[in-house]
Each structure stands twice: as C-alpha cells, then as structure tokens.
Amino acid sequence: MLLIQSKKMRSIIKAVVPFVLIPSITIAGAVAFDEKKHIIIALASALSALLLFSAGFEKRSTGTRRMVIVAVMIALCFAGRFIPFLKPVAALTIIAGLYLGGEAGFLVGSLSALLTNFYFGQGPWTAFQMLAWGLIGLFAGILSKPLLLRRALLLMYGAAAGLAYSFIMDIWTVLWYNEGFNVRLYIAALGTAVPYTVSYAVSNVLFLYLLAPPFGEKLNRIKIKYGV
Amino acid sequence: MKSFAEYNPIVITVWFFSVTGVAMFCSYPLLMLISLCGAVIFFLMRNGLSHGREHLFFFILFLILALANPLVSHNGKTVLFVMNHNPVTLEATLYGVNSAAMIIGVLYWLRSFTQIMTSEKLLYITGALSPKLSLVLSMALRFVPLFSRQSAKINNAQIAMGLYKDDNIIDDIKGRSRVFSILITWALENGIITADSMEARGFGACRRTQLRRFRFSARDTAFLILTLLLLTVTAAAAGAKSLSFVFYPSITAEKPDLLGIAGLITYGLLILLPVIIETEVSLRWKYLRSGI
C-alpha cells in the first residue's frame, strides 16, 4: 500500500520525515495544544516511521535481504531487553545505524520499541520510545564516518544517547502527568530516573565497547559477500 | 455469538483507542472515575481474581502519583498544611488524585489490550498498513525462539568440545561471548538464505495472507458503528468544553450542560459495550446448555 515510486519523492521524504515532520509533530502536539493530544503524536510518529520505511526499502531484491537483516537485529534487541539491569537495545540500534545506514538504524530502534512493548506493556509511551530509539539509530547512521574512525567518539555518542533517551522519556512522563510542561516536575522526574539514566549510559558504553568492532566485522562481511 | 476477544482486531483496536484516547484528552474527574472503574471491572472480568501482584503494583503507583503532585506543585488557594516551608494545597492534592486516576485507568486498559491483542492480531493490522513492515515484525518474532534454540545448540557443542567450563567466571564470560559471536554470524547468514528462499518462492508477488482469517462479520460492523457513534458524542462533549473542570487557583466546576451529561452517559455506555457482550454470550451459553 505504501509504496512510493518516484525516486525524487523518496529522497525528499527521507530528509523531511526524520528532521522536520516527527520532531515538529511531537513538539507541537506536546506544547501547542493545552490539552493532551498524545494519541495524535503517537499515531503521527508511527505513521512517519512507516513512511520512512517504505522510502528506504523500495528496491525489491536488495530490499528483502536488508529487511531480513533488520529483522535479525530487532530480534536481538528483543532478546536483549530481557537482560536484567543492562539495556543493550540502544547499543544494537547504534550498531545497526553505523553499518547499515540511518534508515535501518531508525527502523531497528523504532520497531524493536513497538515489538518489545507487546511484552513490557504497550501504551502512549510507545510512540516516544519509538521516536527516541529511532532517532538514536538515525543519528548513528548520519554520523557513521567520524564515529567509525574514532572509538572514543563512538563511546561518547553511546553515553550521550543514553542520557538523551532518559531526558526524552522524562519529558513524556511530565507531559502525561501534568497538563503542560512543568520544570519542577521535570527535574523531580529526572531525579527519580537517575538509576535508569546511569544504567542506560553505562550499558550503551559497555555494549558498544564490547560489540561494535566484532559486530561491524560480521555485518561488513555479509555486506561484501552478498552485496546487501 | 462470539466473545469480545474474538471480534475483528481492527474493531477491538478502534474501541481501545477510543476509550483510552478520551480518558487521556479529557481530564474531567467524573469521566476519570468512570474510566478507572470500567478498566478495573474489565480487567477483573477477563482475569478473575488472579494477578494480585499487578493490582498491588497499580495501587502503590496510584498512591505515589497522587502524592507526587502536592509535594511538587504549590498552586492553589486552600492550604491544608505547611511542610518544609512549602504549602500543601487541597487543589494540588485533588489534581494529583485526578491525574493518578487517569494514568492508572489507562494502564489497566492497556494491560487488557496487551492481553487481547496477540502478536498475530498485530500483524493483521500492520499488514493492512504496510505488508513489508508486517513481514519484518513477524520475522523478528519468529527469530526470537529460533535464536534461543540455536544458541543452546551452539552452547552444547562448545561444552562438548571442551572449549569452556562454566564454573570459572572469566572462562564463562569468554565462552558465552564466543557463543554469542557464533550466533550472530549464523543469524546473519541464515537471514540471507531465508531472504533468498523467500524471493524464490515469490515473496512480494501478491498480498500477504494470514494464518488465521479475521472476517468482518455483521456483528463487527455493528460494534464498530456503535463505538464510533458513542465516541462522537463523547468527543463532542469534551471538545465543546462542556466538560471543563478548573483546579487552579481554586476548584470551579461548572455544572455540565446537556451535551456534557450526554457525553458522560455515552462514555459509560462505550465502556460497558464489551461487558454487555460478555454477559450476553455467557447467558446464551447457559441457556443453550440448559437445553441439552
């Protein structure tokens, strides 16, 4: 249903959706409306993810192979969310973004949020999780050149992504609880979330340190061998 | 005759989004009360008295959420008492209780939703939107048990070859990371083979089909139309500010006009729909059994 034929249209969508559409919908939905319109945000960001998806996976023969690799990465994220205390999802998303491109990173992040929440509880926060993890993967894809060159930079990106994830999710917590944005509540929410934030940042750094080089080797090998 | 969970997934999704959507957009206290009670009754109706832990968790969360607001926010006129030089106001407390009722109500609804919407139904819905997306999701779901089985196999093979023992921590970690590395290589190669095999069998040649068929029967249509009708009235009432309730600086509740009352009634009916269906089904079942 969502197949976009024209190549120009696809590249326009690729640029507009992640950078303009999704953030503006989220911010406008959260701030401009004085009432809570999170369902609209949820639907809009999910739909934008779908658009991006169809824009990236248009070419059929390579499309299927890339799709399956994305599914493999999502399955690994899924299994990873069951590990207690450590959270490898963001690290795996970053790896997918680095080696398979920004769109693949976005898909791995957002779809694993969607899928794992069928076990961890689906809700309006799903959209925010999809957005947060998706953007982490997307930026990893965009910044892949410098990040792949210097390992320290990659680890720093991982730590920053962990912090950013926590900050984004707490904006959502406050907005849901309170109509409109309240700085004091936000700081309180950030305070209670400190253990989680630390766990996100630490597990990102740890898993990127351990997994990124061997994982990249394997993905590169597959890319060269099968021309994905 | 079919129970609520057997209705078409699209119909169920529309119903759940209507119920939770109204509860999240409109913060009218009476509506929150209806939503919370309805959600708890619906959950109890489906699960009986099990899941005691979940109820306890929700109850504690309710208390935390209700108490968080008056401790952080000091708006409102009526000061109840002063704690650490900060006034705790009646309005902020009630606001916290209202927000907590909304959140816990929605959490209960979503708990039931997660129970009813199995992954198969999810694939049915996403398949209607984008077949490729649906495929990625269904493959990822299928990979999870496959990978865990394969990693057990690799693990056994490694131990049988005497490559590691799990009584030494460092050895154990090293061995497990080797198993993980082997698993990744295998998973990627296996994925490519799967993709090629799918292509060879004509993947993408036509629409994706489902293992189970979800028909759209007359009952589904009736339920969908009823849901949308009730939602329209409730949404109109909420949108036209008939159900407005101001907490700060002091509580001012206007008496709901005709539209507001109608909105409350239709929302109650909307929530009762599945209860009515389940009652009808069980009554009919009893009647049929008595006839044997």
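1. A quick term first: a helix crossing is called left-handed if the near helix is turned anticlockwise from the far one by less than a right angle, and right-handed if clockwise. By that convention, H3(B) and H4(B) make a right-handed crossing. Keep in mind throughout that this is a predicted model.

2. On confidence: the model comes with ipTM 0.73 and pTM 0.71. For chain B the mean pLDDT is 84, with 96% of its residues at 70 or more. Within that chain, helix H2 (residues 29-47) has the highest confidence, at a mean of 90, while strand E4 (residues 252-253) has the lowest, at 72. As a reading rule, coordinates predicted with low pLDDT should not be read in detail.

3. Chain A, briefly. Its secondary structure is 10 helices and zero strands, so to speak a plain run of α-α-α-α-α-α-α-α-α-α along the sequence. Of its 228 residues, 48% are buried. Looking at contacts in chain A with a separation of 6 or more, 72% are between residues 24 or more positions apart.

4. Back to chain B and the H3/H4 pair. Helix H3 (residues 52-72) and helix H4 (residues 90-116) of chain B pack with their axes 7 Å apart, at an angle of about 150°. Angles over 145 degrees count as roughly antiparallel, and H3(B) and H4(B) are therefore roughly antiparallel to each other.

5. Who is in that contact? The H3(B) side includes Phe58(B), Leu61(B), Phe62(B) and Leu65(B), along with Asn69(B) and Pro70(B). Across from them, H4(B) contributes residues including Tyr95(B), Gly96(B), Val97(B), Ile103(B), Ile104(B) and Tyr108(B). By class, the H3(B)-H4(B) contact has 16 nonpolar and four polar residues, and no charged ones.

6. H4(B) has another partner to look at, helix H1 (residues 9-25) of chain B. Their axes come within 9 Å and cross at roughly 170°, so H1(B) and H4(B) are also roughly antiparallel to each other. From H1(B), the contact uses Ile12(B), Phe16(B), Val19(B), Thr20(B), Ala23(B) and Met24(B). H4(B) answers with Met102(B), Gly105(B), Val106(B), Trp109(B), Leu110(B), Phe113(B) and Ile116(B). The class count here is 11 nonpolar, two polar and no charged residues.

7. Gly105(B) deserves its own point. This glycine lies in helix H4 of chain B and is part of the contact with H1(B). Is Gly105(B) buried or exposed? The cut-off for buried is 20 or more other C-beta atoms within 10 Å; Gly105(B) has 26, so Gly105(B) is buried. Setting aside residues up to four places away in sequence, Gly105(B) touches Ala23(B), Met32(B), Ser35(B), Leu36(B) and Ala39(B). For a long-range reference, Arg289(B) is 184 residues from Gly105(B) in sequence and 36 Å from it in space, C-alpha to C-alpha.

8. Last one: Tyr28(B), in the loop between H1 and H2 of chain B. Despite the loop address, Tyr28(B) is buried, with 25 other C-beta atoms within 10 Å. Which residues does Tyr28(B) touch, not counting those up to four places away in sequence? They are Leu243(B) and Phe245(B). Val246(B) is 218 residues from Tyr28(B) along the chain, yet the C-alpha atoms of the two are separated by 9.1 Å.

Conventions:
Residues are numbered from 1 along each chain as its sequence is written. Chains are lettered from A and ligands numbered from 1 in the order in which they are written. This is a predicted model: local features need pLDDT of at least 70, side-chain atom pairs count only at pLDDT 80 or more; totals for chains, interfaces and linings use all residues. pLDDT is the predictor's confidence in each residue, from 0 to 100. Helices (H or I, at least four residues) and strands (E, at least two) are DSSP runs, numbered from the N terminus. Axes are lines fitted to C-alpha atoms, for helices over the stretch in contact, and angles run from 0 to 180 degrees between N-to-C directions. Angles under 35 degrees count as roughly parallel, over 145 as roughly antiparallel, 65 to 115 as roughly perpendicular and the rest as oblique. Two residues are in contact if their C-beta atoms, placed from the backbone, lie within 7 Å. Ala, Val, Leu, Ile, Met, Phe, Trp, Tyr, Cys and Pro count as nonpolar, Asp, Glu, Lys and Arg as charged, and the others, Gly among them, as polar. A residue is buried if 20 or more other C-beta atoms lie within 10 Å of its own, exposed if 12 or fewer, and partly exposed in between; C-beta atoms are placed from the backbone.
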